[in-house]
Amino acid sequence: MSPKVTAEIARLPEMKVADLQKRYEQVFGEECRSRNKQYLVRRIAWRLQANDEGGLSREALMKAGELAVDAESRVTAPREHANTQVAKPKPAAFVDWDPRLPPPNNVIERQYKGEMIRVVVLQEGFEYEGERFRSLTAIAKKVTGTHTNGFLFFKLGRRP
């Protein structure tokens, strides 16, 4: 790296954010949308070094673009690309059953304030007093009037 670029990079941390934004726009040729000083210093330094050293080859840039389209972890949505295919998840063949629950059509009972609470376990949820609920916690809340963990309220075992 040339001494001139080295000296300019060394001065970057001492510059004000407004000056860094102007320098960013000069170096990148686009509007600067950041006010984060550390980010601007790093990006400008990187670009100055890349310009001085020659940057990446055209082939490397093209390969990086191809890899970015097919990457599994993304920060932003992919751009429209001819070879991009959206994979649709297959529906699950079965519902993962919680081992703490009895099989469907069984009854969970609990005595609460002198009243017997009976809940029927369904394939997808629970039934209490003719009403369907998605969770035991919802039933416990209806019975007690406060937020209570359903498994603890009905004294069901812990998950293995």
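**Warm-up: the fold in outline**

Let's count first: this chain has six helices and four strands, and the model we're working from is a predicted one.

**Exercise 1.** Work out in what order the helices and strands follow one another along the sequence.

*Solution.* Walk from the N terminus and note each element as it comes up. You get α-α-α-α-β-β-β-β-α-α. Now add some overall numbers. The chain has 160 residues, and 25% of them count as buried. Its accessible surface comes to about 12,700 Å², with 51% of that belonging to carbon and sulfur atoms. Finally, take the contacts between residues at least 6 apart in sequence: 30% of these join residues at least 24 apart.

**Exercise 2.** Decide whether H2 and H3 run roughly parallel or roughly antiparallel, then describe their contact.

*Solution.* Start with the geometry. Helix H2 covers residues 17-28 and helix H3 covers residues 37-53; they pack at an angle of about 30°, and their axes are 10 Å apart. Next, apply the cut-off: angles under 35 degrees count as roughly parallel. So H2 and H3 are roughly parallel to each other. As for handedness, the H2 and H3 crossing is left-handed.

Now for the residues. On the H2 side, the contact uses Val17, Leu20, Gln21, Arg23, Tyr24, Val27 and Phe28. Their partners in H3 include Tyr39, Leu40, Ile44, Trp46 and Leu48. Sort the whole H2 with H3 contact by class and you have eleven nonpolar, two polar and four charged residues.

**Exercise 3.** Do the same for H1 and H3: which way do they run relative to each other, and which residues touch?

*Solution.* Helix H1 spans residues 3-11, and its axis comes within 10 Å of the H3 axis, crossing at roughly 175°. Anything over 145 degrees counts as roughly antiparallel, so H1 and H3 are roughly antiparallel to each other. H1 brings Val5, Glu8 and Ile9 to the contact, while H3 supplies Ala45, Leu48, Gln49 and Asp52. By class, the H1 with H3 contact has four nonpolar, one polar and two charged residues. Spot the shared residue: Leu48 of H3 turns up in the contacts with both H1 and H2.

**Exercise 4.** Find Arg100 and say where it sits and how it is classed by accessibility.

*Solution.* Look in the loop between helix H4 (58-69) and strand S1 (107-112); that's where Arg100 is. Its relative accessibility is 22%, so Arg100 counts as partly exposed, given that buried means under 20%. Last step: check the pair Arg100 and Phe151. They are 51 residues apart along the chain, and their C-alpha atoms are separated by 8.2 Å.

Terms used:
Residues are numbered from 1 along each chain as its sequence is written. This is a predicted model: local features need pLDDT of at least 70, side-chain atom pairs count only at pLDDT 80 or more; totals for chains, interfaces and linings use all residues. Side-chain values use heavy atoms; hydrogens and water are left out. Axes are lines fitted to C-alpha atoms, for helices over the stretch in contact, and angles run from 0 to 180 degrees between N-to-C directions. Helices (H or I, at least four residues) and strands (E, at least two) are DSSP runs, numbered from the N terminus. Angles under 35 degrees count as roughly parallel, over 145 as roughly antiparallel, 65 to 115 as roughly perpendicular and the rest as oblique. A crossing is left-handed if the near helix is turned anticlockwise from the far one by less than a right angle, and right-handed if clockwise. Contact means heavy atoms within 4.5 Å. Ala, Val, Leu, Ile, Met, Phe, Trp, Tyr, Cys and Pro count as nonpolar, Asp, Glu, Lys and Arg as charged, and the others, Gly among them, as polar. Buried means under 20% relative accessible area, exposed over 50%, partly exposed in between (1.4 Å probe, protein chains only). Accessible areas come from the Shrake-Rupley method with a 1.4 Å probe; for residues, only the protein chains shown count as cover.
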